[in-house]
Amino acid sequence: MAALVAENFRFLSLFFKSKDVMIFNGLVALGTVGSEELFSVVAFNCPCSPARNYIYGLAAIGVPALALFLIGVIWNNHTWNLVAECHKRGTKNFSAAATFLLFGSIMGRAAVAPVTWSVISLLRGEAYICALSEFVRPSSLDKFPAEYGAEVLARFPCKDMPANLTKFRDEVTRRLRYESQLFGWLLIGIVAVLVFLTKCLKHCCSPLSYRQEAYWAQYRSNEDKLFRRTAEVHSRILAANNVKHFFGFVALDKEEKELVQEFPVEGVQPSPQWNAITGVYIYRENKGFPLYSRLHKWAKGVEGNGPSPEGHEMLFLAS
(Lines give C-alpha, C1' and ligand atoms only; values in the text may rest on other atoms or scores of the structure.)
Protein backbone atom coordinates (compact mmCIF):
# COMPACT_ATOMS: atom_id res chain seq x y z
CA MET A 1 0.00 0.00 0.00
CA ALA A 2 2.79 2.41 0.94
CA ALA A 3 4.62 1.59 -2.29
CA LEU A 4 1.46 2.28 -4.30
CA VAL A 5 0.95 5.64 -2.58
CA ALA A 6 4.59 6.55 -3.15
CA GLU A 7 4.35 5.60 -6.82
CA ASN A 8 1.19 7.65 -7.31
CA PHE A 9 2.77 10.62 -5.55
CA ARG A 10 5.84 10.33 -7.78
CA PHE A 11 3.62 10.25 -10.87
CA LEU A 12 1.71 13.36 -9.79
CA SER A 13 4.97 15.14 -9.02
CA LEU A 14 6.36 14.36 -12.47
CA PHE A 15 3.07 15.37 -14.10
CA PHE A 16 2.99 18.77 -12.46
CA LYS A 17 6.67 19.35 -13.22
CA SER A 18 6.19 18.53 -16.89
CA LYS A 19 2.96 20.51 -17.20
CA ASP A 20 3.94 23.51 -15.10
CA VAL A 21 2.99 26.05 -17.78
CA MET A 22 -0.40 24.42 -18.36
CA ILE A 23 -1.07 24.20 -14.62
CA PHE A 24 -0.03 27.83 -14.13
CA ASN A 25 -2.32 29.00 -16.93
CA GLY A 26 -5.16 26.93 -15.48
CA LEU A 27 -4.69 28.45 -12.03
CA VAL A 28 -4.59 31.93 -13.55
CA ALA A 29 -7.84 31.22 -15.40
CA LEU A 30 -9.54 29.85 -12.26
CA GLY A 31 -8.38 32.83 -10.22
CA THR A 32 -9.72 35.17 -12.87
CA VAL A 33 -13.10 33.41 -12.87
CA GLY A 34 -13.35 33.78 -9.11
CA SER A 35 -12.35 37.45 -9.27
CA GLU A 36 -14.92 38.15 -11.97
CA GLU A 37 -17.68 36.48 -9.94
CA LEU A 38 -16.72 38.52 -6.88
CA PHE A 39 -16.63 41.71 -8.95
CA SER A 40 -20.07 41.04 -10.42
CA VAL A 41 -21.61 40.38 -7.03
CA VAL A 42 -19.93 43.15 -5.05
CA ALA A 43 -18.85 45.92 -7.40
CA PHE A 44 -20.91 45.86 -10.62
CA ASN A 45 -23.77 48.34 -10.48
CA CYS A 46 -25.18 49.59 -13.77
CA PRO A 47 -25.98 53.35 -13.62
CA CYS A 48 -29.06 52.86 -15.84
CA SER A 49 -28.61 56.25 -17.42
CA PRO A 50 -28.27 57.11 -21.12
CA ALA A 51 -24.67 57.61 -22.30
CA ARG A 52 -23.35 56.35 -18.96
CA ASN A 53 -24.43 52.74 -19.45
CA TYR A 54 -22.25 52.26 -22.52
CA ILE A 55 -19.10 53.68 -20.90
CA TYR A 56 -19.64 51.79 -17.64
CA GLY A 57 -20.42 48.48 -19.35
CA LEU A 58 -17.34 48.62 -21.58
CA ALA A 59 -15.18 49.73 -18.65
CA ALA A 60 -16.41 46.81 -16.55
CA ILE A 61 -15.18 44.41 -19.23
CA GLY A 62 -12.16 46.25 -20.63
CA VAL A 63 -10.45 47.96 -17.69
CA PRO A 64 -10.00 44.83 -15.51
CA ALA A 65 -8.89 42.91 -18.63
CA LEU A 66 -6.29 45.59 -19.37
CA ALA A 67 -5.06 45.56 -15.76
CA LEU A 68 -4.78 41.76 -15.79
CA PHE A 69 -2.90 41.90 -19.09
CA LEU A 70 -0.36 44.39 -17.73
CA ILE A 71 0.08 42.31 -14.56
CA GLY A 72 0.69 39.26 -16.75
CA VAL A 73 3.35 41.12 -18.72
CA ILE A 74 5.04 42.30 -15.51
CA TRP A 75 5.07 38.80 -13.97
CA ASN A 76 6.55 37.16 -17.08
CA ASN A 77 10.28 36.53 -16.76
CA HIS A 78 10.66 36.88 -20.53
CA THR A 79 9.66 40.55 -20.22
CA TRP A 80 12.54 41.46 -17.97
CA ASN A 81 14.96 39.24 -19.87
CA LEU A 82 14.00 41.19 -22.99
CA VAL A 83 14.50 44.50 -21.16
CA ALA A 84 17.93 43.36 -19.97
CA GLU A 85 18.81 42.13 -23.45
CA CYS A 86 17.85 45.42 -25.10
CA HIS A 87 19.70 47.41 -22.43
CA LYS A 88 22.92 45.41 -22.54
CA ARG A 89 23.19 44.06 -26.07
CA GLY A 90 20.33 45.44 -28.17
CA THR A 91 18.29 43.23 -30.49
CA LYS A 92 20.80 43.00 -33.33
CA ASN A 93 21.32 39.30 -32.60
CA PHE A 94 17.62 38.47 -32.97
CA SER A 95 16.17 37.25 -36.21
CA ALA A 96 12.68 38.45 -37.18
CA ALA A 97 11.24 35.01 -36.38
CA ALA A 98 12.87 34.93 -32.93
CA THR A 99 11.61 38.43 -32.14
CA PHE A 100 8.08 37.50 -33.23
CA LEU A 101 8.11 34.32 -31.14
CA LEU A 102 9.43 36.17 -28.12
CA PHE A 103 6.70 38.80 -28.20
CA GLY A 104 4.16 36.09 -28.96
CA SER A 105 5.27 34.20 -25.86
CA ILE A 106 4.98 37.29 -23.65
CA MET A 107 1.64 38.40 -25.09
CA GLY A 108 0.20 34.88 -25.09
CA ARG A 109 1.01 34.18 -21.46
CA ALA A 110 -0.22 37.63 -20.41
CA ALA A 111 -3.48 37.18 -22.35
CA VAL A 112 -4.70 34.17 -20.32
CA ALA A 113 -6.26 36.19 -17.50
CA PRO A 114 -7.80 39.05 -19.58
CA VAL A 115 -9.28 36.64 -22.13
CA THR A 116 -10.77 34.58 -19.30
CA TRP A 117 -12.19 37.74 -17.72
CA SER A 118 -13.71 38.86 -21.03
CA VAL A 119 -15.19 35.43 -21.75
CA ILE A 120 -16.81 35.11 -18.31
CA SER A 121 -18.14 38.67 -18.51
CA LEU A 122 -19.69 37.98 -21.92
CA LEU A 123 -21.19 34.66 -20.82
CA ARG A 124 -22.75 36.30 -17.79
CA GLY A 125 -24.07 39.11 -19.99
CA GLU A 126 -24.67 41.72 -17.29
CA ALA A 127 -22.09 44.23 -18.51
CA TYR A 128 -23.12 43.75 -22.14
CA ILE A 129 -26.81 44.28 -21.32
CA CYS A 130 -25.96 47.38 -19.32
CA ALA A 131 -23.84 48.81 -22.14
CA LEU A 132 -26.21 48.22 -25.07
CA SER A 133 -29.74 48.29 -23.69
CA GLU A 134 -30.23 51.94 -24.67
CA PHE A 135 -29.23 51.20 -28.28
CA VAL A 136 -31.99 48.69 -28.92
CA ARG A 137 -34.27 50.12 -31.62
CA PRO A 138 -37.82 50.54 -30.29
CA SER A 139 -39.13 49.72 -33.75
CA SER A 140 -37.68 46.21 -33.41
CA LEU A 141 -39.97 45.57 -30.42
CA ASP A 142 -43.50 44.57 -31.34
CA LYS A 143 -46.09 47.14 -30.14
CA PHE A 144 -43.53 49.13 -28.10
CA PRO A 145 -45.19 52.41 -26.95
CA ALA A 146 -44.05 55.28 -29.17
CA GLU A 147 -43.79 57.73 -26.26
CA TYR A 148 -40.85 55.84 -24.72
CA GLY A 149 -37.31 56.07 -26.03
CA ALA A 150 -33.65 55.47 -25.16
CA GLU A 151 -34.00 56.94 -21.66
CA VAL A 152 -36.46 54.23 -20.63
CA LEU A 153 -34.50 51.48 -22.40
CA ALA A 154 -31.41 52.52 -20.47
CA ARG A 155 -33.26 51.77 -17.22
CA PHE A 156 -34.13 48.20 -18.22
CA PRO A 157 -31.05 46.61 -16.51
CA CYS A 158 -32.20 48.09 -13.19
CA LYS A 159 -35.85 47.04 -13.61
CA ASP A 160 -36.77 50.68 -13.06
CA MET A 161 -39.55 51.17 -15.62
CA PRO A 162 -43.32 51.50 -15.99
CA ALA A 163 -45.22 48.29 -15.31
CA ASN A 164 -46.53 48.07 -18.87
CA LEU A 165 -42.94 47.66 -20.20
CA THR A 166 -42.02 44.55 -18.20
CA LYS A 167 -42.53 42.17 -21.12
CA PHE A 168 -40.40 44.39 -23.35
CA ARG A 169 -37.64 44.39 -20.74
CA ASP A 170 -37.62 40.59 -20.71
CA GLU A 171 -37.36 40.51 -24.50
CA VAL A 172 -34.53 43.08 -24.59
CA THR A 173 -32.63 41.28 -21.84
CA ARG A 174 -33.02 37.93 -23.57
CA ARG A 175 -31.89 39.36 -26.90
CA LEU A 176 -28.81 41.10 -25.49
CA ARG A 177 -27.84 38.11 -23.35
CA TYR A 178 -28.01 35.94 -26.46
CA GLU A 179 -25.68 38.32 -28.32
CA SER A 180 -23.30 38.54 -25.36
CA GLN A 181 -23.06 34.78 -24.89
CA LEU A 182 -22.65 34.28 -28.64
CA PHE A 183 -19.65 36.63 -28.64
CA GLY A 184 -18.29 34.78 -25.58
CA TRP A 185 -18.49 31.35 -27.26
CA LEU A 186 -16.98 32.77 -30.46
CA LEU A 187 -14.09 34.20 -28.44
CA ILE A 188 -13.51 30.81 -26.83
CA GLY A 189 -13.48 29.16 -30.25
CA ILE A 190 -11.09 31.72 -31.75
CA VAL A 191 -8.68 31.41 -28.83
CA ALA A 192 -8.78 27.60 -28.99
CA VAL A 193 -7.98 27.64 -32.73
CA LEU A 194 -5.14 30.14 -32.21
CA VAL A 195 -3.62 28.05 -29.42
CA PHE A 196 -3.84 24.91 -31.55
CA LEU A 197 -2.25 26.59 -34.58
CA THR A 198 0.48 28.13 -32.41
CA LYS A 199 1.39 24.76 -30.87
CA CYS A 200 1.46 23.13 -34.31
CA LEU A 201 3.61 25.92 -35.75
CA LYS A 202 5.99 25.79 -32.80
CA HIS A 203 6.60 22.05 -33.12
CA CYS A 204 6.75 22.10 -36.92
CA CYS A 205 9.33 24.91 -37.00
CA SER A 206 11.41 23.57 -34.12
CA PRO A 207 14.86 22.30 -35.17
CA LEU A 208 14.81 19.95 -32.18
CA SER A 209 13.23 16.57 -31.78
CA TYR A 210 10.34 16.22 -29.36
CA ARG A 211 12.49 14.36 -26.82
CA GLN A 212 15.32 16.90 -26.98
CA GLU A 213 12.88 19.75 -26.56
CA ALA A 214 11.40 17.98 -23.52
CA TYR A 215 14.93 17.53 -22.14
CA TRP A 216 15.63 21.21 -22.73
CA ALA A 217 12.53 22.16 -20.76
CA GLN A 218 13.61 19.92 -17.88
CA TYR A 219 17.13 21.35 -17.95
CA ARG A 220 15.91 24.95 -17.86
CA SER A 221 13.54 24.18 -15.00
CA ASN A 222 16.24 22.40 -12.98
CA GLU A 223 18.83 25.07 -13.70
CA ASP A 224 16.45 27.81 -12.55
CA LYS A 225 15.56 25.97 -9.33
CA LEU A 226 19.18 25.17 -8.50
CA PHE A 227 20.33 28.70 -9.37
CA ARG A 228 17.70 30.30 -7.14
CA ARG A 229 18.41 27.91 -4.28
CA THR A 230 22.18 28.38 -4.57
CA ALA A 231 21.86 32.16 -4.90
CA GLU A 232 19.79 32.26 -1.71
CA VAL A 233 22.42 30.27 0.21
CA HIS A 234 25.31 32.25 -1.31
CA SER A 235 23.74 35.60 -0.43
CA ARG A 236 23.00 34.42 3.11
CA ILE A 237 26.60 33.29 3.67
CA LEU A 238 28.01 36.48 2.13
CA ALA A 239 25.73 38.57 4.34
CA ALA A 240 26.83 36.56 7.39
CA ASN A 241 30.50 37.16 6.53
CA ASN A 242 29.96 40.90 6.11
CA VAL A 243 27.97 41.18 9.34
CA LYS A 244 30.71 39.26 11.18
CA HIS A 245 33.35 41.56 9.70
CA PHE A 246 31.43 44.60 10.98
CA PHE A 247 30.46 43.39 14.46
CA GLY A 248 33.17 40.83 15.07
CA PHE A 249 30.60 38.05 15.35
CA VAL A 250 27.32 36.98 13.74
CA ALA A 251 24.29 35.36 15.36
CA LEU A 252 23.53 32.24 13.32
CA ASP A 253 21.14 29.39 13.99
CA LYS A 254 22.28 25.78 13.70
CA GLU A 255 21.35 25.41 10.04
CA GLU A 256 23.09 28.65 9.07
CA LYS A 257 26.26 27.65 10.94
CA GLU A 258 26.35 24.39 8.99
CA LEU A 259 25.92 26.29 5.73
CA VAL A 260 28.74 28.72 6.55
CA GLN A 261 31.08 25.86 7.46
CA GLU A 262 30.16 23.71 4.44
CA PHE A 263 30.19 26.42 1.77
CA PRO A 264 32.90 29.03 2.29
CA VAL A 265 32.22 32.16 0.24
CA GLU A 266 35.27 34.22 -0.66
CA GLY A 267 33.68 36.96 -2.75
CA VAL A 268 31.05 37.89 -5.27
CA GLN A 269 30.71 37.37 -9.00
CA PRO A 270 31.80 40.36 -11.11
CA SER A 271 29.22 42.28 -13.12
CA PRO A 272 30.41 40.95 -16.54
CA GLN A 273 29.51 37.43 -15.41
CA TRP A 274 26.02 38.51 -14.31
CA ASN A 275 25.52 40.31 -17.62
CA ALA A 276 26.68 37.23 -19.54
CA ILE A 277 24.01 34.98 -17.98
CA THR A 278 21.19 37.58 -18.01
CA GLY A 279 18.88 38.27 -20.92
CA VAL A 280 16.90 36.50 -23.61
CA TYR A 281 18.42 33.24 -24.76
CA ILE A 282 18.09 32.00 -28.33
CA TYR A 283 18.90 28.34 -28.83
CA ARG A 284 22.45 27.84 -30.12
CA GLU A 285 24.66 24.95 -31.09
CA ASN A 286 28.43 25.08 -30.93
CA LYS A 287 30.01 22.61 -33.36
CA GLY A 288 26.96 20.39 -33.17
CA PHE A 289 26.67 20.44 -29.37
CA PRO A 290 23.62 22.18 -27.87
CA LEU A 291 23.88 25.11 -25.50
CA TYR A 292 20.72 25.10 -23.39
CA SER A 293 20.99 28.46 -21.61
CA ARG A 294 23.11 31.54 -21.16
CA LEU A 295 24.62 29.96 -18.05
CA HIS A 296 25.44 26.82 -20.04
CA LYS A 297 27.06 28.94 -22.77
CA TRP A 298 29.05 30.92 -20.22
CA ALA A 299 30.22 27.72 -18.49
CA LYS A 300 31.45 26.36 -21.85
CA GLY A 301 33.32 29.59 -22.56
CA VAL A 302 31.46 30.31 -25.81
CA GLU A 303 31.65 33.97 -26.81
CA GLY A 304 29.07 36.04 -28.68
CA ASN A 305 25.37 35.58 -29.22
CA GLY A 306 25.05 35.67 -32.98
CA PRO A 307 24.08 32.55 -34.93
CA SER A 308 27.07 30.52 -36.08
CA PRO A 309 27.27 29.16 -39.64
CA GLU A 310 26.93 25.57 -38.50
CA GLY A 311 24.28 26.31 -35.86
CA HIS A 312 20.67 27.33 -35.80
CA GLU A 313 18.43 29.28 -33.48
CA MET A 314 15.02 28.83 -31.95
CA LEU A 315 13.31 30.69 -29.17
CA PHE A 316 12.03 28.35 -26.47
CA LEU A 317 8.61 29.46 -25.30
CA ALA A 318 8.38 27.60 -21.98
CA SER A 319 8.76 29.53 -18.77
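A residue is called buried when its relative accessible area is under 20%, and exposed when that area is over 50%. The exercises below apply this to a predicted model.

## Exercise 1. Alanine 65 and its surroundings

Task: Decide whether alanine 65 is buried or exposed, and find which residues it contacts.

Solution.
- Step 1. Locate the residue: alanine 65 is part of helix H3, which covers residues 52-75.
- Step 2. Apply the cut-off. Alanine 65 has a relative accessibility of 10%, so it counts as buried.
- Step 3. List the contacts. With neighbours within four places in sequence set aside, alanine 65 is in contact with Pro114, Trp117 and Ser118.
- Step 4. Check one of these pairs along the chain. Alanine 65 and serine 118 are 53 residues apart in sequence, and their C-alpha atoms are separated by 6.7 Å.

## Exercise 2. The helix on the other side of the contact

Task: Test whether the length of helix H6 agrees or disagrees with its residue count, then describe how far H6 is covered.

Solution.
- Step 1. Helix H6 runs over residues 112-124 and has 13 residues.
- Step 2. The expected span is 1.5 Å times one less than the number of residues. For H6 this gives 18 Å.
- Step 3. The end C-alpha atoms of H6 are 18 Å apart, which agrees with the expected span.
- Step 4. Of the 13 residues in H6, 10 are buried, so the helix is mostly covered.
- Step 5. The buried residues of H6 include Pro114, Trp117 and Ser118, the residues that alanine 65 contacts.
- Step 6. After H6 comes glycine 125, with a positive phi near 85 degrees.

## Exercise 3. Helix H3 and a record annotation

Task: Examine the span, bend and buried residues of H3, and set them beside the UniProt entry.

Solution.
- Step 1. H3 has 24 residues, for which 34 Å is expected; its end C-alpha atoms are 34 Å apart, which agrees.
- Step 2. H3 bends by about 35 degrees at alanine 59.
- Step 3. Among the buried residues of H3 are Gly57, Ala60, Ile61, Pro64 and Ala65.
- Step 4. An unreviewed UniProt entry lists residues 21-42, 54-75, 96-117 and 182-201 under "transmembrane region".
- Step 5. In the model, residues 54-75 are 100% helix and 0% strand, with end C-alpha atoms 32 Å apart. Residues 182-201 are likewise 100% helix and 0% strand, and their end C-alpha atoms lie 28 Å apart.

## Exercise 4. The nonpolar cores

Task: Identify which residues have the most contacts inside the largest nonpolar core, and which elements supply the core.

Solution.
- Step 1. The largest nonpolar core holds 21 residues, and Phe144, Phe156 and Leu165 have the most contacts inside it.
- Step 2. Two or more residues each come from H3, helix H7 (126-132), helix H8 (150-153) and helix H9 (166-205). H7 gives the largest share, 4 residues.
- Step 3. Take phenylalanine 156 on its own. Beyond residues up to four places away in sequence, phenylalanine 156 touches Phe144, Met161, Leu165, Phe168, Arg169 and Val172.
- Step 4. A separate core of 7 residues includes Val73, Leu82, Ile106 and Ala110. Val73 is also listed among the buried residues of H3.

## Exercise 5. Two residues with positive phi

Task: Compare cysteine 48 and lysine 287: where does each lie, and is each buried or exposed?

Solution.
- Step 1. Recall the background: most residues other than glycine have a negative phi.
- Step 2. Cysteine 48 has a positive phi, near 55 degrees, and lysine 287 has a positive phi, near 60 degrees.
- Step 3. Cysteine 48 lies in the loop between helix H2 (20-42) and H3. Lysine 287 lies in the loop between strand E1 (284-286) and strand E2 (289-291).
- Step 4. Cysteine 48 counts as buried because its relative accessibility is 11%. Lysine 287 counts as exposed because its relative accessibility is 68%.

## Exercise 6. Helix H10

Task: Check the span of H10 and name what covers its buried residues.

Solution.
- Step 1. H10 (residues 210-247) has 38 residues and should span 56 Å; its end C-alpha atoms are 55 Å apart, which agrees.
- Step 2. Buried residues of H10 include Trp216, Arg220, Val233 and Ile237.
- Step 3. Their cover includes helix H4 (77-88), H9, helix H11 (254-262) and helix H13 (294-299).
- Step 4. Glycine 248 follows H10, and its phi is positive, near 95 degrees.

Key
Residues numbered from 1 in each chain as written. Predicted model: local features only at pLDDT ≥ 70, side-chain atom pairs only at ≥ 80, totals over all residues. Heavy atoms only, no water. Buried < 20%, exposed > 50% of the residue type's maximum accessible area, 1.4 Å probe, protein only. Contact = heavy atoms within 4.5 Å. Core = buried A, V, L, I, M, F, W, Y, C linked by side-chain atoms within 4.5 Å. Bend = angle between axes of the 7 residues up to and from the residue. UniProt positions renumbered as here; feature names shortened; annotations may be inferred.
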